[in-house]
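Here's an informal walk through one model, taking charged pairs, helix packing and a few backbone oddities in turn. Keep the viewer open while you read.

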Amino acid sequence: MSKKIFIFANESDSSRLTERQLRKKLDKSGYSICQNYCEDADLMVCIGGDGTFLEAMHRFSFPPMPIIGINTGHLGLFQEISPNMLDDFIFNYSQDRYTLQKLSTVQMKVKCSDGINEHLGINEVLIRGNATYSIHLNISIDGNFIERFSGDGVLIATPAGSTAYNYSLGGSIVDPRLEVLQVTPIAPMNTTAYRSFTSSILLPSDLSLQIVPDMHDRKHTICVVNDGFSVEYDDVVEIEVGFSDVSVNLMRFENYDFWRKVKSKFL
């Protein structure tokens, strides 16, 4: 029985052209192409940039099958191949010449007075106030109080997300083979009135972060964001952040090297 492949592409002209070319090549090679998303597909192909990849992961609830990215966007850290490598991709896939890179997700549980809401992120989750005031957060690690943060907010990034918003905030690039969460402050205050960490904190996978808004902030709306998808909550009692059990499997080929890719994208 031929393997089933699902293709997800954004609306750009280059992505649509690449999708048409790929469909013809896959059909010629004997693969079955799903017209709609199906959980029993053997492979998902994501055509676009990193934003398209994240959109697909959230739209289809972090698919269980292997995922390969074709980069028609800008940075393309998640995307493994370029449009001119379609024949190489099909050959390597048919010969099982690939590995799967497990991408862990970070989970955020937002406890409000009316219940608990959960959010997942492949890159990151963040907590902030609105654009007109700073936020004050009591932060504990594994139940031990660490600091009363004051500033614009706090971002918690996975290794995969260390090169995204975290990097622009001055956070560290983390090798994806390390299972750590990076807690990075956003515009922290460090004065005689407020004392906050001004650099990132790295946490092992078995520790969680507890964040309790200051009583004054509970009167205001708090915005939580996961991979760019934002939700506003009123009367937040506590937020807990840690690794989740959900992961995605990103296909990588034999010549893939994380640090070589980082160098090519950032230097």
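## Salt bridges

Search the whole structure and you find nine salt bridges. Bear in mind that this is a predicted model. Three of the bridges are set out here, with the closest N to O distance for each.

| Pair | N to O distance |
|---|---|
| Glu11 and Arg16 | 2.7 Å |
| Arg16 and Glu19 | 2.7 Å |
| Arg148 and Asp214 | 3.0 Å |

Start with Arg16, which bridges to Glu11 and also to Glu19. Arg16 and Glu19 sit three residues apart in helix α1, so about one helical turn separates them. How exposed are the residues involved? Glu11 is exposed, at 65% relative accessible area. Arg16 comes out partly exposed at 26%, while Glu19 is buried at 10%.

The bridge between Arg148 and Asp214 is a longer-range affair in sequence terms. Arg148 belongs to strand β9 (residues 144-157), and Asp214 to the loop between β12 (209-213) and β13 (222-226), so this pair ties together parts that are 66 residues apart in sequence. Arg148 is partly exposed, with a relative accessible area of 33%. Asp214 reaches 17%, which counts as buried because the cut-off is under 20%.

Back to the group around Arg16: which residues end up in one network through shared salt-bridge partners? They are Glu11, Arg16, Glu19 and Arg23.

## α1 against α3

In general, a pair of packed helices is described by the angle between the axes and the distance between them. For α1 (residues 13-28) and α3 (residues 86-94), the axes come within 10 Å and cross at roughly 40°. That angle falls outside the roughly parallel class, which needs under 35 degrees, and the two helices are therefore oblique to each other. The crossing of α1 past α3 is right-handed.

Which residues make the contact? From α1 come Thr18, Gln21, Leu22, Lys25 and Leu26, and α3 supplies Leu86, Asp87, Phe89 and Ile90. By type, the residues in this contact split into five nonpolar, two polar and two charged.

Thr18 deserves a closer look. This α1 residue is buried, with just 2% relative accessible area. Leaving out residues up to four places away in sequence, Thr18 touches Ile47, Ile70, Thr72, Pro83 and Leu86. Leu86 is also one of the α3 residues in the contact with α1.

On α3 itself, the buried residues are Leu86, Phe89, Ile90, Asn92 and Tyr93. What covers them? The cover includes α1 along with a set of strands: β1 (4-9), β3 (43-48), β4 (67-71), β5 (98-112) and β15 (236-253). If you want to see that arrangement for yourself, show the side chains of the buried α3 residues and colour those strands and α1 separately.

## α2 and its surroundings

Is helix α2 (residues 50-59) largely enclosed or left open? Seven of its ten residues are buried, so the rest of the structure largely encloses α2. The buried ones are Asp50, Thr52, Phe53, Leu54, Ala56, Met57 and His58.

## Positive phi values

As a rule, most residues other than glycine have a negative phi. Here are some that go the other way.

Ser61 follows α2, in the loop between α2 and β4. Its phi is positive, near 55°, and it is not a glycine. Ser61 is also exposed, at 56% relative accessibility.

Asp96 comes just after α3 and has a positive phi of about 60°.

Where does Ala187 sit? It is in strand β10 (residues 180-188). Ala187 takes a positive phi of about 50° despite not being a glycine. With 44% relative accessibility, Ala187 counts as partly exposed.

## Pulling it together

A few threads meet in α1. The helix holds Arg16 and Glu19, about one turn apart, and their side chains join in a salt bridge. It also holds Thr18, which is buried and takes part in the contact with α3. As for the other two helices, α2 is largely enclosed, and α3 has buried residues that α1 helps to cover.

Key: Residues numbered from 1 in each chain as written. Predicted model: local features only at pLDDT ≥ 70, side-chain atom pairs only at ≥ 80, totals over all residues. Heavy atoms only, no water. Buried < 20%, exposed > 50% of the residue type's maximum accessible area, 1.4 Å probe, protein only. Helix = DSSP H or I, 4+ residues; strand = E, 2+ residues; numbered from the N terminus. Contact = heavy atoms within 4.5 Å. Axes fitted to C-alpha atoms, helices over the stretch in contact; angles between N-to-C directions. Parallel < 35°, antiparallel > 145°, perpendicular 65-115°, else oblique. Left-handed = near helix turned anticlockwise from the far one by under 90°. Nonpolar A, V, L, I, M, F, W, Y, C, P; charged D, E, K, R; others polar. Salt bridge = Lys/Arg side-chain N within 4 Å of Asp/Glu carboxyl O.
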